[in-house]
Amino acid sequence: MHNFYSDTQTRPTRAMREAVLEAELGDEQRDADPTTNALCARMAALLGKEAAVFLPSGTMCNEIAIAVHCRPGDEVICERSSHILGYEAGGPAALSGVMMHALDGERGMMTPEQVAGAIRPRNRYAPISRLFCAEQTANLAGGAVWPVEQLSAAAAVAREAGLATHMDGARLLNAVVASGRPAAEHAAGFDSVWVDFTKGLGCPVGAVLAGSAAFIEAAWRLKQRWGGAMRQSGVLAAMALHALDHHVDRLVEDHALAHSIGERLAALPGIARVLPVDSNIVILDLAETAPDAATLVARLLEAGIAVGAFGARRIRIVTHLDTDPEGGDALVRAFETLTAAHAA
Ligand SMILES: *Cc1c(COP(=O)(O)O)cnc(C)c1O
C-alpha cells in the first residue's frame, strides 16, 4: 500500500521509538517532565516566543488560542478553507462563543487590504473584531506557502487595529523548508503560533503552542480545564525532539516528490488542473472524462494507492515520511490507467 491520503498517517520510525527509552520522565502537569520541558523550550526558541506548552493535538492548540484571545460575541477573521472554520466541530462557537468572519483568499492566503476591509469599526452594534488567524501552510488550498512578507503585512494590519493574531502552523516547518526563511520570521507578527508533530514530522501524538509567558499561563489553565494536562508526556516529547533533529531537513524530499507527482499528473488528459504545488500537498480536479473523485479513490485503493476525495471531482495527495519516489511512480501509473480507462 502506498499511502498518500495524509501526512497524519505516518508510523513512528524505529529510531524515534528508541529515543523514548532514554527519555527522562516526570509529571508534566507539575512542569516536572524534563523531556517535555526541553521540547517546549526548544520550540519557544525556534518560534521566537517567550514560552510554549505541549498539547495532545493541533486542534486543541487552535481552540485554546481562540479562547485565550477572545470573549463570547467577538469575531475571528480567517480564511474560508481554514481548519478552525471547517474541521474543528464548531469548536470556536461551542467553546469560545465567537463568530467566524470568513474571507475568500487566494489559495488560502489573504491580502493585507482584505484583512483591513474585514475589521469592523468599533461601535455599539458591531461584534468586536478580536482575532486574525492565518494558516501556514494553507492545507486545503494545496499546502500553499504564504510569502513571509504577505503573512507579516496581513498580521500587521490586524495588530495595528488592535486585534490579536494567531497562526495555525500545523505545517509551518514545511513552509520554513520551502521558503528558506526561519520559523521565527514567519511567526514574528503573531501573538500565538503552533506546530503539529503528527504531520510531516512523523510523530504519533502532539503539538506545541507558543506565545508570550502570559499567553501560555492562560493557555495552561484551559489545558487543565479541558482535560489536556498530561503526566509522563516525555514519552511523546522524546519523539518530537527526535523529529526536530531528524525529520525537518528531509521535508525537502517530500516537497520534491509532490512537485514531481503534480507535474506528471498535470500532463494526463483525465486531469483538468493541478493547483500550484508549494510544499507536500497536491490538489487536483478531475476532467469530465474521468470518473468522479469517490469512484476513483475506491479504484486507486484496489490498486494499492490511498488518496483523499475533497469534493465531487477534487483529489488530495500528500507526501510524507512514509511515501517514496517508487510509490509516486505507482501513483502516477495508476492515475494514468484509471482516468483513461473511463474515457475510452
Ligand atoms: C491537521 C491540522 C490541524 C489539526 O491538527 P490535529 O493535530 O490533527 O488536531 C489544524 N490545522 C491544520 C491546517 C491542519 O492541517
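**Close-up views of a predicted model**

**View 1. The largest nonpolar core of the predicted model.** This core has 53 residues, and those that touch the most other members are Leu-39, Phe-132, Leu-172, Leu-173 and Phe-197. Helix H11, residues 234-246, gives the most to this core, contributing seven residues. In soluble globular proteins, nonpolar side chains tend to be buried together.

**View 2. Leu-173 and its contacts.** Neighbours within four places in sequence are left aside here. Leu-173 is then in contact with Leu-46, Ala-183, Val-195, Leu-201, Leu-244, Val-248 and Leu-251.

**View 3. A second nonpolar core.** This core is separate and consists of 27 residues. Leu-265, Leu-286, Leu-331 and Phe-335 are among them.

**View 4. Polar contacts of the ligand.** Three residues are shown, each with an atom placed by an oxygen atom of the ligand. For Gly-58, a backbone N or O atom lies 2.8 Å from a ligand oxygen. Asp-196 places a polar side-chain atom 2.7 Å from a ligand oxygen, and for Lys-199 the distance from a polar side-chain atom to a ligand oxygen is 2.8 Å. The ligand taken alone exposes 380 Å², of which the protein buries 86%.

**View 5. The shell around the ligand.** The ligand is surrounded by 13 residues, and the closest are Gly-58, Thr-59, Asp-168, Asp-196 and Lys-199. By class, two residues of the shell are nonpolar, six are polar and five are charged. Helix H3 (58-69) and strand E7 (192-196) are the elements that give two or more residues to the shell. The largest share, three residues, comes from H3.

Conventions: Residues are numbered from 1 along each chain as its sequence is written. This is a predicted model: local features need pLDDT of at least 70, side-chain atom pairs count only at pLDDT 80 or more; totals for chains, interfaces and linings use all residues. Side-chain values use heavy atoms; hydrogens and water are left out. A nonpolar core is a set of buried Ala, Val, Leu, Ile, Met, Phe, Trp, Tyr and Cys residues joined through side-chain atoms within 4.5 Å. Buried means under 20% relative accessible area, exposed over 50%, partly exposed in between (1.4 Å probe, protein chains only). Helices (H or I, at least four residues) and strands (E, at least two) are DSSP runs, numbered from the N terminus. Contact means heavy atoms within 4.5 Å. A residue is near a molecule or strand if one of its heavy atoms lies within 4 Å of it. A polar contact is a pair of N or O atoms within 3.5 Å; within protein, one must be able to donate a hydrogen and the other to accept it, and residues adjacent in sequence count only if both atoms are side-chain atoms. Accessible areas come from the Shrake-Rupley method with a 1.4 Å probe; for residues, only the protein chains shown count as cover. Ala, Val, Leu, Ile, Met, Phe, Trp, Tyr, Cys and Pro count as nonpolar, Asp, Glu, Lys and Arg as charged, and the others, Gly among them, as polar.
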